Amino acid sequence: MPETPEVETDRLREAVQEELERERGVFLRRIALTTAVLAAVAAIAALKAGSTANEALVLKTEAARLQAEASDQWAYYQAKGIKLAVAQAAEAPWRSLGKSPPADLIEKEQRYAAEQEEVKAKAETLERERDARSREADHLLHQHHGFANSVALFQVAIALGALAALTRNHAVWVASLSLGGAGIAFFTAQLLSQNDCSLESRSRNTPSRPEP
């Protein structure tokens with residue numbers, strides 16, 4: 001009777017177990033790597049969200065200060081208007097008698113009218129600056145919401161990555177990568193929008209050269 005070949009089942013089982021452990025180790029390392037990358041980008045996005053919110057708050061405060069200064073200028077404008085009206089009322093009796101008003105009265109009337117126009121121009125300039133600060137602050141708040149949304153996506157992606165590592169589930173890891181990609185897309189879009197806004201703000205603040 002021929003001898004049957006012996007199969008070392010113990011060694012084969014050990015080899016299979018080692019292969020399974022090796023594959024799991026690679027899978028876990030991949031999850032750890034992607035989770036670390038997402039955590040790093042999430043930290044940057046959180047910093048950007050905080051900085052844009054703080055900058056928007058500063059601009060809103062600046063807009064409120066400009067509004068207060070504009071209100072003061074409009075009150076000053078009203079005061080100049082009252083003085084102008086008093087000067088015109090004092091001039092009326094002279095005109096009704098067919099006489100020329102005193103030179104100092106005419107001079108006062110002209111001075112008050114000129115000062116009133118100057119105050120009006122300054123108040124309108126302050127209001128335009130206030131509106132510009134307010135619009136820039138609103139744009140920064142919009143960017144803040146975009147950065148915050150990307151941080152939320154990163155957090156969910158990291159949580160799914162941890163779940164994938166615990167359950168050894170490839171589908172959960174794919175979902176984590178998908179949410180992480182969406183977070184990176186949100187983050188990149190807000191960065192590009194912020195750069196465009198900075199270029200526009202710099203171009204507005206750059207004084208134009210006088211023509212020769």
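**A walk through a three-helix chain**

Start at the tail: select residues 204–212, where pLDDT (the predictor's confidence in each residue, from 0 to 100) stays under 50. The model gives this stretch one contact (heavy atoms within 4.5 Å) beyond four places in sequence. Where pLDDT is low, the predicted coordinates should not be read in detail.

Before you move on, some ground rules. This is a predicted model, so local features need pLDDT of at least 70 and side-chain atom pairs count only at pLDDT 80 or more, while totals for chains, interfaces and linings use all residues. Residues are numbered from 1 along each chain as its sequence is written, and side-chain values use heavy atoms, with hydrogens and water left out.

Now jump to the other end and select residues 1–9. Here too pLDDT stays under 50, and the model has zero contacts beyond four places in sequence for them. Over the chain, pLDDT averages 79, and 79% of the residues score at least 70.

Next, colour by secondary structure. You'll get three helices and zero strands; these are DSSP runs, numbered from the N terminus (helices: H or I, at least four residues; strands: E, at least two). Click on α2 (residues 103–167) for the highest confidence, a mean of 87, then on α3 (residues 170–205) for the lowest, at 77.

Time to look inside. Select Leu38, Val41, Ala42, Ala45, Ala49, Phe147, Val151, Phe154, Ala157 and Phe187: that's the largest nonpolar core. Such a core is a set of buried Ala, Val, Leu, Ile, Met, Phe, Trp, Tyr and Cys residues joined through side-chain atoms within 4.5 Å. Buried means under 20% relative accessible area, exposed over 50%, partly exposed in between (1.4 Å probe, protein chains only). α1 (9–96) and α2 each give two or more residues to this core, and α1 has the largest share, with five. Apart from it lies another core of five residues, including Phe27, Ile31, Val172 and Trp173.

Zoom in on Ala157. Beyond its neighbours within four places in sequence, it contacts Leu38, Ser176, Leu179 and Gly180.

Last stop: Thr52, in helix α1. Buried or exposed? Thr52 is buried, with a relative accessible area of 0%. Not counting residues up to four places away in sequence, show Leu140, Gln143, His144, Phe147 and Gln194, and you have what Thr52 touches. Then draw a distance from the Thr52 side chain to the backbone oxygen of Lys48: you should get 2.9 Å.

Notes
A polar contact is a pair of N or O atoms within 3.5 Å; within protein, one must be able to donate a hydrogen and the other to accept it, and residues adjacent in sequence count only if both atoms are side-chain atoms.
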